[in-house]
Amino acid sequence: MSEANVSAPPSALVQIKGVNKWYGDLHVLKDVNLDVNRGEVVVVLGPSGSGKSTLCRCINRLETIGEGEIVIDGKILPEEGKELAALRAEVGMVFQSFNLFAHKSILDNVTLGPIKVKKMSKKDAEEEGMKLLDRVGIGNQASKMPAQLSGGQQQRVAIARSLAMHPKVMLFDEPTSALDPEMVQEVLDVIVQLAKEGMTMVVVTHEMGFAHKAADRVIFMADGQIVEQAPPDEFFSNPKSDRARDFLGKIL
Ligand code: ADP
Ligand code: MG
């Protein structure tokens with residue numbers, strides 16, 4: 001039997017190993033190491049410009065990395081090619097801006113990926129799409145166009161659209177930052193529900209109440225580095241670094 005057959009699957013679903021990234025002379029990720037375990041919710045906090053979005057984009061290979069490697073469920077993320085498309089489908093991403101297709105219905109937005117990329121039949125994709133829309137509380141809006149929905153509803157569609165690809169891990173980059181305040185909670189509720197169902201997630205957010213409640217682990221980034229990581233109770237009650245204390249002092 002070859003070695004590959006006997007090795008156990010790695011416990012960490014996402015392994016970020018010694019990742020460095022530069023934009024020109026700007027060193028934006030500095031030797032970042034992070035394992036995200038199956039079913040774990042990792043919340044990433046940190047001041048603006050600290051590299052949180054860049055880290056998410058590297059996990060999804062929307063950005064190339066300068067040094068290091070990123071492993072998703074035991075497979076190294078390649079730079080490009082067919083294999084990258086397949087691996088990228090395993091990593092769902094939800095951005096601050098919802099990026100729905102403006103000229104397609106809500107249901108079409110959700111079924112497009114499964115039909116085009118996963119070669120699912122329209123009927124199966126629509127059946128599953130409806131279930132997903134129900135799950136995020138928008139089943140009754142399926143035939144509407146994105147512009148007819150509120151920001152919070154559109155973001156929930158974006159989440160359903162990601163889930164339709166059956167990702168192994170979901171990345172959320174400030175998913176509520178562009179929303180009117182009254183719509184923040186409905187989106188956070190959907191994310192909390194996903195966490196309860198066991199989805200592995202990396203969530204960049206400035207919502208400290210959510211971070212405290214939903215995170216298994218808080219990662220604090222500053223200047224492209226992971227400065228501190230701890231369970232939320234510990235991080236919020238006893239931040240160890242000056243940078244984290246300063247950050248919490250400003251935000252809480
Ligand atoms: P955060 O999400 O924590 O606010 P970002 O990852 O967006 O931080 O940015 C990290 C640093 O990289 C910032 O200094 C930002 O200005 C810079 N940066 C981000 N994207 C680019 C880019 N495409 N080209 C050059 N610099 C960038
Ligand atoms: Mg950002």
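**The shell around ligand 1 and the neighbouring sheet**

In this predicted model, the residues around ligand 1 (those with a heavy atom within 4 Å of it) are Tyr23, Leu26, Val28, Pro47, Ser48, Gly49, Ser50, Gly51, Lys52, Ser53 and Thr54. Residues are numbered from 1 along each chain as its sequence is written, while chains are lettered from A and ligands numbered from 1 in the order in which they are written. Local features need pLDDT of at least 70 and side-chain atom pairs count only at pLDDT 80 or more, whereas totals for chains, interfaces and linings use all residues, and side-chain values use heavy atoms, with hydrogens and water left out.

The shell divides into four nonpolar, six polar and one charged residue, where Ala, Val, Leu, Ile, Met, Phe, Trp, Tyr, Cys and Pro count as nonpolar, Asp, Glu, Lys and Arg as charged, and the others, Gly among them, as polar. Strand 2 (26–37) and helix 2 (52–59) each supply at least two of these residues, and helix 2 gives the most, with three; helices (H or I, at least four residues) and strands (E, at least two) are DSSP runs, numbered from the N terminus.

Polar contacts are pairs of N or O atoms within 3.5 Å; within protein, one must be able to donate a hydrogen and the other to accept it, and residues adjacent in sequence count only if both atoms are side-chain atoms. A polar side-chain atom of Lys52 lies 2.7 Å from an oxygen atom of ligand 1, and polar backbone atoms of Gly51 and Ser50 lie 3.0 Å and 3.1 Å, respectively, from an oxygen atom of the ligand. Of the 560 Å² that ligand 1 exposes when taken alone, the protein buries 59% (Shrake-Rupley method, 1.4 Å probe).

Strand 2 also belongs to an open sheet of four strands, with antiparallel pairing and the order 2-1-4-5; two strands pair if DSSP finds at least two bridges between them. Strand 2 and strand 5 (75–76) stand at the edges with a single partner strand each, so one side of each has no neighbour in the sheet. Eight bridges join strand 2 to the antiparallel strand 1 (residues 12–23), and His27 in strand 2 is the bridge partner of Trp22.

The mean pLDDT (the predictor's confidence in each residue, from 0 to 100) of the protein is 93, and 96% of its residues reach 70 or more. The model scores ipTM 0.98 and pTM 0.93. Over residues 1–5, however, pLDDT stays under 50, and the model has one contact (heavy atoms within 4.5 Å) beyond four places in sequence for them. Where pLDDT is low, the predicted coordinates should not be read in detail.
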